[in-house]
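Student: I've got a model open and want a quick walk through its helices and strands. Can we start with the words I'll need?

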Amino acid sequence: MPSERDVSSLHRDSSWEGVRAVVAGFGVSGFAAADTLNHLGASVVVLDESEGDAHRQEQAQLLEVLGADVRLGPGTTAELPRDVDLVITSPGWRPTVPLLAEAAGRGIPLWGEVELAWRLRGADPAPWLAVTGTNGKTTTVQMLEAILQAAGLRAQAVGNVGTPILEAVMDPEGRDVLAVELSSFQLHWTQSMAAESAAVLNLAPDHYDWHGGAQAYAAAKGKVYEQVRRACVYNVADEATRHLVEEADVVEGARAIGFTLGIPEPGMVGIVDDLLVDRAFVDSRATSAAEMASISDLDDDSPHNVQNALAAAALARAHGVVPVAVRDGLRAFRLGPHRISTVAERDGVRWVDDSKATNPHAARASLRAFDHVVWVAGGLAKGATYGDLVRDVREHLRAAVLIGADRDLIAAELAAQAPDVPVELADGDDADALMDAVATAARRHARPGDTVLLAPAAASMDQFRDYAHRGDAFAQAVDRLG
C-alpha cells in the first residue's frame, strides 16, 4: 500500500510521531539514521541480511532498548513491511535491490542518510562544502578541514570520510562549516541537497557495475553541483568535470573555479614557481595572483596530491578563508594510512602501501610517482578494465605480483601490452599467509632503488575486510620479511 504520511515537509523541529520508517542496511550510516529517526519519535524498523560483528550487535541491542525494531540476519530484507511512510537506504544498496524496488513501486519516498541529514539541519545550519570524484575525496576533505580549522572555524570532515553527516548535523554544539565527502552512491540517493560550494576532483571508470555505466556514474557525481550558491570547483585537466559544471542548475551568481597544475588563468587556482596561487578570489585577478602556500608545505608533493590541495584551497577561499590559513592548514595536514605510505626501506628497496588505490585511475597516479616498481595489484575489478593503465605505466614496471578474484584481467593486459614484465600470481584464503607470499615474491624481483608498491587498482572485499585490512596485512608481511 502507498505511504499515508507525507514526510516531504518534515524537518528537525517537526513532530515525527506516527511516521513509519524502514532503515535498509545497518552499517555506520544505517545506525546513525535509525538512531536519529528513533530520537525524533518515528517508529523505526531496521533490516539487514548480515548479523554483523559484536559491535553491531551491541548497537542493535541499544536501539531495541530505545524502542526500535531491529531485524538482522538472512531473509530479513526479503519483503518490505506493509505500513511504511519512508525508507532510508544504505548508500551501498543498489536501486535494483528487491526491497528498494518494491518501495519505489509502492510510491514510498526513498532517501539516503545524506538526504535525511540535509532535511534535519535546523534553523541556522552550517554550510556544506562538498567534495566528490573518483579519487582523492578523503584526502581533500581532510585537507579542507585542516584549512578551515586553521582559520579558526569550528569545522569537521564528515560523510564518506567516516563520521556520519547526521552525527554532526544533530550535534547540539553545532559547527561553523562542514567539509563533506560524498560518494557516487550517496549522491545517487540525494534529492534536495544544495551545498554552498562543491568540487568534483576527477572522473574515471569506477562502480560502473553499480550505476549501470559511465553516463549514470557521471550523472551521480554531477548532482553535487546542483543548487550550489558560491563555487563549483572543477579539474582543468579533466574535461568531464567542467562539463558537469556546465550542465548543473546552480543558484544565480555561483562561479566556476578551475584548479590546475599549470599557471592559472583568471578564475582559477594553480601553480606558479612551486607556489599554490589564487587567481579566483582576489580583486585584481586579471593581472595578479595571491600566494596561498608552497608545494614544500605539503606532506606529499605527488601531482595528484597537489591537485587535492588546490581543490581544498579553492573551496576554503570560496568560503572566505584568508590565504595564510590555507598555508597553515596544509602545513599541519598529514596523509592518513594506506595512501602512498612508506612502510619500510630495506636493502635499498622502498615498500609502499597505497591500498586505497582501489581503481585504475588511482593506481595510475601512484605508479607514476616512482621510477621502477614491483607492482602488487588485484582484487575485485568492479567492472573496470586495465588496458589503458598498463599501457600508461609499463615503463615503470620491474615486475608484477597479482592477487584476487580478477587478477587474470590484469595479467592478460600485462601479457599483451608489457610482455617483458615478469608476472607472479599469489593466492590463498588466509590474508596474512597471502601477503607473506606476495612480499616474498616481490622481494625476488626488487633491486636497490626500486619500490615495491601495493596499488591494487581493485577493491579488497574478495580476500580482505576492506582496503585498510589489505594494507595492514601488506605492512605486517613486509615487517616479517626482516
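Tutor: Start with handedness. A crossing is left-handed if the near helix is turned anticlockwise from the far one by less than a right angle, and right-handed if clockwise. Keep in mind that this is a predicted model.

Student: OK. In which hand does helix 5 pass helix 12?

Tutor: The crossing of helix 5 with helix 12 is right-handed.

Student: How do the axes of those two sit, in distance and angle?

Tutor: The axes of helix 5 (residues 137–150) and helix 12 (residues 323–332) come within 7 Å. They cross at roughly 125 degrees. The pair is therefore oblique: helix 5 and helix 12 lie at an angle outside the parallel, antiparallel and perpendicular ranges.

Student: Which residues make the contact?

Tutor: Helix 5 brings M143, A146, I147 and A150. Helix 12 brings A325, V326, D328, G329 and L330.

Student: And what's the make-up of that contact by class?

Tutor: Seven residues are nonpolar, one is polar and one is charged.

Student: M143 caught my eye. Which residues does N308 contact, leaving aside its neighbours within four places in sequence?

Tutor: N308 is in contact with G136, T139, T140, M143 and L201. N308 itself lies in helix 11 (residues 303–318).

Student: Is N308 buried or exposed?

Tutor: N308 counts as buried because its relative accessibility is 6%, and the cut-off for buried is under 20%.

Student: Switching to sheets. What is the strand order in the open sheet?

Tutor: The order is 3-2-1-4-5, five strands in an open sheet. The pairing is parallel.

Student: Which strands stand at the edges?

Tutor: Strand 3 (69–72) and strand 5 (110–112). Each has a single partner strand, so one side of each is left without a neighbour in the sheet.

Student: What's the average twist from one strand to the next?

Tutor: The twist averages 20 degrees.

Student: Take me through the pairings. How many bridges between strand 1 and strand 2?

Tutor: Five, between strand 1 (residues 20–24) and strand 2 (residues 43–48), in the parallel sense. A21 has V44 in strand 2 as its bridge partner.

Student: And how many join strand 1 to strand 4?

Tutor: Four bridges, and the two strands run parallel. V22 stands opposite V87 in strand 4.

Student: What about strand 4 to strand 5: how many bridges?

Tutor: Three, again with the strands running parallel. T89 faces G112 of strand 5.

Student: Which way do the strand 4 side chains point?

Tutor: L86 and I88 point one way, V87 and T89 the other way. All are buried.

Student: Let's zoom in on I88. What is its relative accessible area?

Tutor: I88 has a relative accessible area of 2%, so it is buried.

Student: What does I88 touch, not counting residues up to four places away in sequence?

Tutor: I88 touches V22, V23, A24, A33, L37, W111, G112, E113 and L116.

Student: L201 came up with N308. How far is L201 from I88?

Tutor: The two are 27 Å apart in space, C-alpha to C-alpha. In sequence they are 113 residues apart.

Student: Which strands does helix 1 lie across?

Tutor: Helix 1 (residues 28–40) lies across strand 1, strand 2 and strand 4 (86–89). It runs at about 165 degrees to strand 1.

Student: How do helix 1 and helix 2 cross?

Tutor: Their axes come within 11 Å and cross at roughly 10 degrees; helix 2 covers residues 54–65. That makes helix 1 roughly parallel to helix 2.

Student: Which residues meet there?

Tutor: F31, A34 and D35 in helix 1 meet Q59, L62 and L63 in helix 2. By class, four are nonpolar, one is polar and one is charged.

Student: Last topic: the strands late in the chain. In which sense do strand 12 and strand 13 pair?

Tutor: Antiparallel, over four bridges, with strand 12 at residues 268–272 and strand 13 at residues 275–278. V272 stands opposite L275 in strand 13.

Student: How many residues sit between them in the hairpin?

Tutor: Two. D273 in the turn has a positive phi of about 50 degrees.

Student: And how many bridges join strand 13 to strand 14?

Tutor: Four bridges, with strand 14 (residues 290–294) running antiparallel to strand 13. V277 is opposite E291 in strand 14.

Methods
Residues are numbered from 1 along each chain as its sequence is written. This is a predicted model: local features need pLDDT of at least 70, side-chain atom pairs count only at pLDDT 80 or more; totals for chains, interfaces and linings use all residues. Side-chain values use heavy atoms; hydrogens and water are left out. Two strands pair if DSSP finds at least two bridges between them. Axes are lines fitted to C-alpha atoms, for helices over the stretch in contact, and angles run from 0 to 180 degrees between N-to-C directions. Angles under 35 degrees count as roughly parallel, over 145 as roughly antiparallel, 65 to 115 as roughly perpendicular and the rest as oblique. Contact means heavy atoms within 4.5 Å. Ala, Val, Leu, Ile, Met, Phe, Trp, Tyr, Cys and Pro count as nonpolar, Asp, Glu, Lys and Arg as charged, and the others, Gly among them, as polar. Buried means under 20% relative accessible area, exposed over 50%, partly exposed in between (1.4 Å probe, protein chains only).
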